[in-house]
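Open the model in a viewer and keep the sequence panel beside it. The tour below goes from selection to selection.

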Amino acid sequence: MRDENNNEEDLKLDNSYNQESYFDDHILKARKKEARIFAQKIIKSLKINEAPVNLREVISHVQKDFNLVVIPDTLSKNISGIIVKLTELEQEFFVIGFNANDPWCRRRFSIGHEIAHLLFNTLCDKRESGNSEREKECEFFSAELLMPKSILKNDFSKIRNIPELSKKYLVSSAAMSIKISNDSLLK
Ligand SMILES: [Zn+2]
């Protein structure tokens with residue numbers, strides 16, 4: 001599940017994540033890295049080399065492995081997306097609902113986030129805390145999916161303007177600034 005309070009800005013917490021232990025911290029880092037690699041593999045296999053990433057193409061790609069439908073939904077205000085597994089006639093299928101009231105760039109991010117839950121098999125029944133490891137993993141996946149570092153690096157060298165870049169990538173300016181920072185593109 002993705003709620004408004006768990007917006008892209010949570011990614012900022014990456015380095016300041018409250019460490020339970022050295023070991024947990026390393027597992028979390030590895031999982032985030034894995035999430036990004038997973039997104040990069042999808043981008044690579046779809047031969048996507050420019051922004052904006054065509055989310056329809058990504059969904060079709062995922063649908064090869066999963067019985068999945070993506071639908072607009074009238075979710076409550078603070079919920080951006082949700083994924084549920086349904087079983088009918090012994091066949092399981094998944095439904096991703098995205099908040100139809102959200103701006104398009106947020107919907108894209110939410111869909112990416114829910115796809116991550118599907119791929120990482122982290123669907124859950126109860127509402128999780130916005131800061132859980134699973135949620136962060138999904139945020140990282142979605143950010144990499146919509147703003148692949150391989151493409152962004154090149155664009156950022158030419159377009160040093162966050163609003164312009166976010167328009168090109170169909171993401172929010174907030175998501176774009178966090179990604180640029182996480183990818184250390186300013187260095
Ligand atoms: Zn979630």
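The stops run from the whole chain to the strands, the core, two packed helices and some loop residues.

**Whole chain**

Begin with everything displayed as a cartoon, and keep in mind that this is a predicted model. The protein has 7 helices and 4 strands. From the start of the sequence to its end, the order is β-α-α-β-β-β-α-α-α-α-α. If you colour by burial, 34% of the 187 residues come out as buried. For the contacts between residues at least 6 apart in sequence, 71% join residues at least 24 apart.

**The strands**

Select residues 68–73, 79–88 and 91–99, which are strand β2, strand β3 and strand β4. Which strand runs parallel to β4? It is β2, joined to β4 by 6 bridges. To see one residue pair in this arrangement, pick Ile-71, whose bridge partner in β4 is Gly-97.

Now turn to β3, which pairs with β4 in the antiparallel sense over 8 bridges. Val-84 is a useful handle here, with Val-95 as its bridge partner in β4. β3 and β4 form a hairpin with 2 residues between them. Select Leu-89 in that turn: its phi is positive, at about 50°.

**Leu-118**

Next, select helix α3, residues 104–119, and within it Leu-118. Apart from neighbours within four places in sequence, Leu-118 is in contact with Val-62, Phe-66, Leu-68, Ile-83 and Phe-94. Draw a distance from the C-alpha atom of Leu-118 to that of Phe-66: the value is 8.6 Å, for residues 52 apart along the chain. Is Leu-118 buried or partly exposed? Leu-118 counts as partly exposed because it has 18 C-beta neighbours inside 10 Å, while a buried residue needs 20 or more.

**The nonpolar core and α4**

In soluble globular proteins, nonpolar side chains tend to be buried together. The largest nonpolar core in this model has 34 residues. Show Phe-141, Leu-145, Leu-146, Met-147, Tyr-169 and Val-171 as sticks; these have the most contacts inside the core. The elements giving two or more residues to this core are α1 (22–45), β3, β4, α3, α4 (133–146), α5 (149–158), α6 (162–169) and α7 (173–182). Which element gives the most? It is α4, with 6 residues.

Isolate α4. Its end C-alpha atoms are 20 Å apart, which agrees with the 20 Å that its 14 residues should span at 1.5 Å a residue. The helix is mostly covered, with 12 of its 14 residues buried. The buried residues of α4 include polar ones as well as nonpolar ones in name: among them are Glu-135, Lys-136, Phe-140, Phe-141, Leu-145 and Leu-146. Bring the rest of the chain back to see what covers these buried residues, which includes α1, α2 (55–63), α3, α5, α6 and α7.

Then centre on Phe-141. Leaving aside neighbours within four places in sequence, Phe-141 is in contact with Ala-35, Arg-36, Phe-38, Ala-39, Gly-112 and Ala-116.

**α6 against α7**

Two packed helices are described by the angle between their axes and the distance between the axes. Select α6 and α7, which pack at an angle of about 105° with their axes 9 Å apart. That angle makes α6 roughly perpendicular to α7. On the α6 side, the contact is made by Ile-162, Pro-163, Leu-165, Ser-166 and Tyr-169. On the α7 side, select Ser-173, Met-176 and Ser-177.

**Loop residues**

Most residues other than glycine have a negative phi, and most peptide bonds are trans. The last selections can be read against that background.

Go to the loop between α1 and α2, where Pro-52 lies. The peptide bond from Ala-51 to Pro-52 is cis, with omega near 0°. Lys-47 is found in the loop between α1 and α2 too. Phi of Lys-47 is positive, near 55°. Lys-47 counts as exposed because it has 7 C-beta neighbours inside 10 Å.

Finish in the loop between α3 and α4, at Asn-121. Asn-121 is not a glycine, yet its phi is positive, at about 55°. Why does Asn-121 count as exposed? It has 6 other C-beta atoms within 10 Å, and the cut-off for exposed is 12 or fewer.

How values were computed:
Residues numbered from 1 in each chain as written. Predicted model: local features only at pLDDT ≥ 70, side-chain atom pairs only at ≥ 80, totals over all residues. Contact = placed C-beta atoms within 7 Å. Pairing = 2+ DSSP bridges. Core = buried A, V, L, I, M, F, W, Y, C linked by C-beta atoms within 7 Å. Expected span 1.5 Å × (residues − 1). Axes fitted to C-alpha atoms, helices over the stretch in contact; angles between N-to-C directions. Parallel < 35°, antiparallel > 145°, perpendicular 65-115°, else oblique.
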